[in-house]
Amino acid sequence: MSVAVQSAPGLPMITSASGMLAMLEEEQLEIKAYALRTLNAVVDDFWAEIAECLPEIEALYEDEAFEARQLAALLASKVFFQLGELDDALTYALGAGALFDVSATSSEYVDALLAKAIDEYCVQHVRLTDGQPRRAADADADADAAAGADAAGAAVDPRLVALVERMFDSCFERRQYKQALGIAIEARRLDVVYRAITRERLAAVTEATPLADIGAAAAAAADAGAPIESGADTPAMLEHCLKACGTTIGSREFRAHVLRLLVTIYHRLPSPDYLGMSECLGQLDDAHTVAALLEKLMRGSGTEFLLACQVAFDLVENGTQRFVNRVTALLLPPPAAAAAASGADGGAHGFGAAANAAAAGAPAGADDAMAVDAAPPAEPAATATATAAASSSAPPPPATAAAATAAAAGAAALEPASREAKLMKILSGELPIALHLEFLCRNNRTDLAILHAMKAAVEPRNALCHSAIVHAHALMSAGTTSDVFLRDNLDWLARATNWAKFSATASLGVIHRGHHTQAMQLLKSYLPTAGLSASPFSEGGALYALGLIHANHGAPVRSYLLEALRNAGSNDVVLHGACLALGLALMASEDAQAYDELKAVLYNDSAIAGEAAALGMGLVMAGSGSARACEEMIAYAHDTQHEKIIRALALGVAIVQYGREGEADGVISSLLLDQDDILRYGGAYALALAYAGTSTNGAVRRILDIAVSDVSENVRRAAVTALGFVLCNNPAQCPRVVELLAESYNPHVRYGATMAVGVACAGTGNRDACEMLRAMATDSVEYVRQGALIAQALVLIQSSPQGPDSRAGQLRKQLDKAISDKHEDAMTRFGAILASGLLEAGGRNVTIQLTSLNGHKKLPAIVGMAVFTNFWVWHPLVPFVSLALTPTALIGLNADLKMPKWAFQSNAPPSTFAYPPPLRPEAKGKVALVATAVLSTSAKAKKAERAKDADKKQDKDKAEKADVAMGEAGAPADSDKAVAGKKAAAGAASSADAAASKETRVGADGKEREPPFQLLHNPARVLPQQEGVLSVVPGSRYTPVIREIAPRPAAGAAGAAAAGAAAAGAGGSSAAGDKLLRLSGFVLLDDTTPSEPQELLEPAPTGGASVPANMEEPAPPAPFEFTEGA
Amino acid sequence: MEAKLRTAVTLFEAFKKEYDSPTCDVDKCTAMLNTLKLRMTEFTSLPPFSGPASPTMQQELMLAREILEHAALLSIRMRDIPAFERYVAQLKVYYNDFATALPMSQRQYPVLGLNLLRLLAQNRTAEFHTELELIPPALHDANIYIKYPTQLEQYIMEGSFNKVLNARADGLYSREGEYFMSMLTETVREEIATCSEKAYKSMSAEHACNMLMLPTLPELSAYVEQRGWTMSNGLITFKQSSDKVLELPSMRLIHETLSYAKELERIV
């Protein structure tokens, strides 16, 4: 047919639309309509000609009586589109009504106009929703809104609404739910968000309904409706939406609405997703509901208790200290009920009612929490108990109610007291920290040869490099409790004097981070003791170390630190340490007493002590947005003469504003408009922290403006650095934004650019970032080189692969060169040493993560990083970076919260994610030899030789490792085999193992081949990049409690042991080949055969003993066989 | 389609009969033409042509062309210039884009020639030349319908206004062209008047009468009034054209330069 058209006798295409345009001027309306029709068909080709007749076409549209006026509008719209006048095009497209076909894909015109329409709608609808409680300080929005300010709150153009509604409908028809969800979020259409997730419309809700009412309607629907008959993707949509909340929603207020909605929907799922729910609630700062949720789970079945533990772990990881404290306080029974609980489980239920009553009744605000913390603590659990009693206004429940609930619950609640204790152990942070410590000790791979090499390369009198090595060592061993190097080099260490001594002592805190149990003992010889006066520098450093050990979990040392602060008298150095420690330990606790004591130190107006006190105040109130604190701090900053204090106060205010986004605009503006450049510096940091991890355009614009227009170089540097924080949830974007600034003529701006990229792309190994920083590492200015090296280390920490040719390997070479080069500037060498410490941080088992998996910001990490970037002015702030270090661990726990022997699969060749090869002992000699002349050719040859050796060694390692894997993999398979009714699954497992071992053998012989997967053993090191390839080994005894939320057997059914075995069998088979959903951190494991004895891992000894001084890897345990009788 | 075409053809025959008759009733013709135009909108093969070729395409196109040609001529008869322009615009598609697909129409050059004449009469010289370019150069002299307006244009360019007036009498476009020719005279007069304004400060009435080709003095005085000149004692004084003073937008330039300088300062 089409051929016929083409070959139609000499019918050429027309070359002009003038004929049709002429018809527009005919008198007869039919002919005009005809002309419009024909023109509409050729508008894509002849728009230029038609454009000249636009006035006529527009007039036709204006003519109300003309029946083809919509056609005229469509034509005009298309012409305007071609002319690039999208605004006019949209106006006429709206006029075209239904003729504008939203579902016409593949049309550039429709796509562009839809995008425009949606943008327009978003702006208008956002203005509508903002209209009710309009915040005056919404600076960037205001600029746009100013034009239509009088229209604010006015209804959106109904035609636009109709168009967008049609677009939503067409999205739903084509099952593009995610797209609809995205647009709904952008436009703040809560009802459509609801619809996209649940596929249900909310009745009686229009687009103009206030958000709160929509939330209420959704809740009402939830009460009335049955559980959602989910398409299997409802959970996926929920997750998507949750992620979007963290990454794309700019307005705090709307985010709260969406989160509330999500909680409602989570409740309606056939199997409610408690983790998601608690995450939402955590973000909403709703401690009462979280407590009630935990309470309910704690009383539930075994699986539900595991979930409760999982929720608790997440809370500790993501929540602020204040929030966790509030949840704990709400969960803990008042003393009377607790007494009852020890006897009968009925009493425990009574406590549950009490907690709920408290949740319903007492409005616990920030003041409430402050009061909680104000009580003098003795021992953590006891404190919490007492304060809970103090703050809970609800009387203990009548015993009758308790009895009733007890009867209903029946025997389901097993040992509630012990469960409670377990949960408390998690919530207090005690267990997670201990487990992380355990993981880091167990897997410590610190390569001391690197340190030795650095020590040898640096001339002994260079104090700057000396203290840099001490810092680097602290970072390399962060959390591993291994201080062998320090102990072996005591006389070398003794060269540190004054503030270097302070830092050196503080570095102990980094090494023993989280080592709560023995902290006091370890630091005993350094801490200030009455009567004895050691060096104030080591005393202050030791206090600081104590703070670092207890960072963000300060309850155990709170009173000690307060006491130390009071006893320090007028010794500035000790005060400095104590203030920093107090800030660290009580970070974000909003502890009023600590705040006041710090303030008292501040008002003494001593530069050194005041600086730390100001920072400490900020840390204690971190993220609270407290207006009082900000006022006091800014007022004092204006009073004092000391620049150190002003700077610390400005930074402190910035920390207080952490995460407050729009609410912080007033404070930020007042700081940025200040005459004092140090306060403007704080303003830049305030922008960074208030909008950290939001990628808000308005904030980025403001920062860029400061970065190019401020007169002070410090402010410009801070502003550029701030970009990194704002964009840290969007690492790929940062290098592009910073690109131009990195080529600035101003070295401070360039330095800021390195830091911005380092912070935003930390731990990602982002390629663009690396390339940019590599180029900057050869900058002509020494501190820019320093920044580039440190930033590269931040980016490449724990990146894979780690071979000598990888980017990380190249950086290592670059660092070696910078450190050993005597002619390199001291600042650059300082940076290089610090960078090598960061690159190998935490025994090569930690990474830097400023946001969690779901894109939630981590307060300690971000604040720690922000303070770290201030090492520019004060080197003792370097240890703050340890707050951002996160173990790359996957730790499986059973119901007793112990680590069982358990393995899972990583579907990638082992070498992909292997540790970097250790520095060979010869390297030590080589570095020392550099002083003597070495020809470049021979150096090259040596390098090649070394590379070859390393390869060989790696191969050997691989072979060994593979053998181990084979041996150990055999064990669980054997144990499974013994389990009745699971033979089939076990068969599958053992055949998988056999396949693995076969592959391994080939790999060992053939050199080139590697097994395509490896088994990782609990607790395992899992790199962020590795998370995509993890899966559960089919048929293993333990299954993660978080699984694909598919319809699974009702939890209640798993009652009797026999039924349990059957269910477990079913569960086991369905779990076969499951993707592991929880990819890092703590994973609660469901034991499929609870009757079997469990094999647990022995706790590893802490301290330096775990790492032999020479660099050999620990010998693998001998293969063994597990027999059931054991 | 066939049927529609046939009714259209019948209607057109009737229209032609009326149009060609010496006692042509213009209103009746217009009414019939309007019906015909409506019929035309139902044709499927008219430009912009899309879809499969229909067997009646050739006939449809030819009929449409003929209708439009007649409509153009009729519009001149009714002194409706905009309508004439519209029809010519529509016809061009047939003359240009469909030149290879259809046999040449015998009215093509008369219509085009009339169009040229119209442009000339309206003093739209630029467009006149654009149109002329579209006609093969060989025809400029060979085809009498084209040659006539071409020559007229040359006379005007030369300033040989007499020849223009003489040509008017030639009567090639006896019926349709007459209207345009009188328009052309007006145009020429305007041209002369404009030139005189620039060239002289004043002029005697007789001289002016002669120059402007106005037969009597009263006509002259009417014309003088129309142009806004003054006449006293047989002397016409032309109005002085006010010279525009060129002004430099200095403030704006200063402002812009300063802002560029500021922007340059801010480059990082």
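Guide: The term pLDDT denotes the predictor's confidence in each residue, from 0 to 100. It is needed here because the structure shown above is a predicted model.

Visitor: What pLDDT does chain A average?

Guide: The score varies along chain A, for 71% of the residues score at least 70. Over residues 1–10 of chain A, by contrast, pLDDT stays under 50. Taken over the whole chain, the average pLDDT of chain A is 75.

Visitor: How many contacts beyond near neighbours in sequence does the model have for residues 998–1007 of chain A?

Guide: For residues 1–10 of chain A, where pLDDT is under 50, the model has eight contacts beyond four places in sequence. Residues 998–1007 of chain A also have a pLDDT below 50. Where pLDDT is low, the predicted coordinates should not be read in detail. With that caution, the number of such contacts in the model for residues 998–1007 of chain A is 13.

Visitor: In which helix of chain B is confidence highest?

Guide: Chain B averages a pLDDT of 81, and 91% of its residues score at least 70. Its lowest confidence is in helix H9 (residues 161–170), with a mean of 70. The highest confidence in chain B, at 90, is in helix H6 (residues 125–133).

Visitor: Which strands stand at the edges of the sheet in chain B?

Guide: This open sheet of chain B has three strands in the order S1-S3-S2, with antiparallel pairing. An edge strand here has a single partner strand, so one of its sides is left without a neighbour in the sheet. The edge strands of chain B are therefore S1 (202–204) and S2 (230–232).

Visitor: Which residue stands opposite B:Ser202?

Guide: S1(B) and strand S3 (residues 235–237) of chain B run antiparallel and are joined by three bridges. The partner of B:Ser202 is found in S3(B). That residue is B:Thr237.

Visitor: At about what angle does helix H12 of chain B run to S2(B)?

Guide: Helix H12 (residues 217–227) of chain B lies across S2 and S3 of chain B. Its angle to S2(B) is about 140°.

Visitor: Which residue is the bridge partner of A:Gln905?

Guide: Chain A has an open antiparallel sheet of three strands in the order S5-S4-S7. Strand S4 (residues 903–906) pairs with S7(A) over three bridges in the antiparallel sense. In S7(A), the partner of A:Gln905 is A:Ser1031.

Visitor: What is omega for the bond between A:Asn1018 and A:Pro1019?

Guide: Most peptide bonds are trans. The bond joining A:Asn1018 and A:Pro1019 is cis, and A:Pro1019 is found in the loop between S5 and strand S6 (1020–1021) of chain A. For this cis bond, omega is about -15°.

Visitor: What phi does A:Arg175 have?

Guide: Most residues other than glycine have a negative phi. A:Arg175, found in the loop between helix H9 (158–173) and helix H10 (177–187) of chain A, has a positive phi although it is not a glycine. The phi of A:Arg175 is about 65°.

Visitor: How many nonpolar residues are in the lining of the second largest cavity?

Guide: A search of the whole structure finds eleven cavities of 30 Å³ or more, and the second largest holds about 190 Å³ of space. Its lining has 16 residues, with A:Met23, A:Tyr34, B:Met40, B:Gln90 and B:Tyr94 nearest the centre. Elements giving two or more residues to this lining include helix H3 (29–51) of chain A and helix H4 (81–97) of chain B. Beside four polar and two charged residues, the number of nonpolar residues in the lining is ten.

Terms used
Residues numbered from 1 in each chain as written. Chains lettered and ligands numbered in written order. Predicted model: local features only at pLDDT ≥ 70, side-chain atom pairs only at ≥ 80, totals over all residues. Heavy atoms only, no water. 1 Å grid on protein atoms, 1.4 Å probe; cavity = no way out; pocket = protein on both sides within 12 Å on 5 of 7 lines; lining within 4 Å. Points joined across faces, edges and corners; volume = space filled by probe spheres on them. Helix = DSSP H or I, 4+ residues; strand = E, 2+ residues; numbered from the N terminus. Nonpolar A, V, L, I, M, F, W, Y, C, P; charged D, E, K, R; others polar. Contact = heavy atoms within 4.5 Å. Pairing = 2+ DSSP bridges. Axes fitted to C-alpha atoms, helices over the stretch in contact; angles between N-to-C directions.
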